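Biologist: I am new to this structure and would be grateful for a close look at a single part of it. Please choose one place where two elements meet, describe it carefully, and then set it in the context of the whole.

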Amino acid sequence: MTVVVELKTVDDTHEFGRRLAGVLRAGDLLLLSGPLGAGKTALTQGIGAGLGVRGQITSPTFVIARVHRPDPARGGRVTLVHADAYRLGESADPRAEIDDLDLDASVDEAVTVVEWGEGMVEQLVDAHLRVRIDRRDDDTRVVTLEPVGGDWAERLATLD
């Protein structure tokens, strides 16, 4: 079951991320792909808001990964790990660099969102969600959610 959603504005992208957060739980891995400026970080900002995590969510391109702990005052319930593998793809062995990030140490206790991670992080879990974001000329984002294993299809069917 593939889900395709059209989002007209960045605010719509944030709101969709909040809704998506409602079906997420510790141990989930989301792989975000799409061209530069498509809205991967904007979607993650919405997910972070929906999960009620601490701190401002910004692109982790230069730091590679950020950990956002739950904020009880915001109803936080699970940690968000936000990683960006964009710069890792330039090395001879990007999987070794992913291993150096120790994402496997936190993947069971957190929702892990990896931008540009396809082909590098799928082995961390048995099931994951592929999220492709494309941006049209009118700035509409087209988000395609593709479940890979597990109960993702059932959970996506509950998105309101």
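Modeller: A definition comes first. An axis is a line fitted to C-alpha atoms, for a helix over the stretch in contact, and an angle between axes runs from 0 to 180 degrees between N-to-C directions. Two packed helices are described by the angle between their axes and by the distance between those axes. Please keep in mind throughout that this is a predicted model.

The part I have chosen is the meeting of helix H1, residues 10-21, with helix H2, residues 40-51. The axes of H1 and H2 come within 6 Å and cross at roughly 45°. An angle under 35 degrees would count as roughly parallel, and one of 65 to 115 degrees as roughly perpendicular. H1 and H2 are therefore oblique to each other. The crossing of H1 and H2 is right-handed.

Which residues form this contact? From H1 come Val10, Thr13, His14, Phe16, Gly17, Arg18, Leu20 and Ala21. They meet Ala42, Leu43, Gln45, Gly46, Ile47, Ala49, Gly50 and Leu51 of H2. Sorted by class, the contact of H1 with H2 has nine nonpolar, six polar and one charged residues.

Thr13 is a useful residue to follow on the H1 side, since its place is in helix H1. Thr13 has a relative accessible area of 1% and is buried. When residues up to four places away in sequence are not counted, Thr13 touches Leu7, Gly39, Ala42, Leu43 and Arg141. Ala42 and Leu43, from that list, are among the residues of H2 that meet H1.

On the other side, Gln45 has its place in helix H2. At 27% relative accessibility, Gln45 counts as partly exposed. Leaving out residues up to four places away in sequence, Gln45 touches His14 and Ile57. His14 is one of the H1 residues that meet H2. The C-alpha atom of Gln45 is separated from that of Glu15 by 9.3 Å, although these two residues are 30 residues apart along the chain.

Glu15 leads to a side-chain pair within H1. The side chains of Glu15 and Arg18 meet in a salt bridge, at 3.3 Å from N to O. Glu15 and Arg18 are three residues apart in helix H1, which means that about one helical turn separates them. Glu15 is partly exposed, with a relative accessible area of 37%. Arg18 is likewise partly exposed, with a relative accessible area of 37%. Arg18 also appears among the H1 residues that meet H2.

How many salt bridges are there in the model? The count comes to eight. One of these pairs, Glu146 and Arg130, has side chains that meet at 3.2 Å, N to O. Glu146 lies in strand S7 (residues 141-148) and Arg130 in strand S6 (residues 128-135), so this pair ties together parts that are 16 residues apart in sequence. Glu146 is partly exposed at 33% relative accessibility, and Arg130 is partly exposed at 28%.

A further salt bridge joins the side chains of Arg155 and Asp151 at 3.1 Å, N to O. Arg155 counts as buried at 10% relative accessibility, whereas Asp151 is partly exposed at 28%. Arg155 and Asp151 also belong to a network of salt bridges that links them with Arg25 and Asp28.

It remains to set the chosen part in the whole. The protein has five helices and seven strands. Along the sequence, these elements follow the pattern β-α-β-α-β-β-α-α-β-β-β-α. Of the 160 residues in the protein, 48% are buried. Among contacts between residues at least 6 apart in sequence, 64% join residues at least 24 apart.

Trp116 offers one further example of residues brought together from separate places in the sequence. Trp116 is found in the loop between strand S5 (110-115) and S6, and Trp116 is partly exposed, with a relative accessible area of 26%. Trp116 and Ala85 are 31 residues apart in sequence, while their C-alpha atoms are 5.2 Å apart in space.

To return to the part itself, H1 and H2 cross at roughly 45°, and their crossing is right-handed.

Technical notes. Residues numbered from 1 in each chain as written. Predicted model: local features only at pLDDT ≥ 70, side-chain atom pairs only at ≥ 80, totals over all residues. Heavy atoms only, no water. Helix = DSSP H or I, 4+ residues; strand = E, 2+ residues; numbered from the N terminus. Parallel < 35°, antiparallel > 145°, perpendicular 65-115°, else oblique. Left-handed = near helix turned anticlockwise from the far one by under 90°. Contact = heavy atoms within 4.5 Å. Nonpolar A, V, L, I, M, F, W, Y, C, P; charged D, E, K, R; others polar. Salt bridge = Lys/Arg side-chain N within 4 Å of Asp/Glu carboxyl O. Buried < 20%, exposed > 50% of the residue type's maximum accessible area, 1.4 Å probe, protein only.
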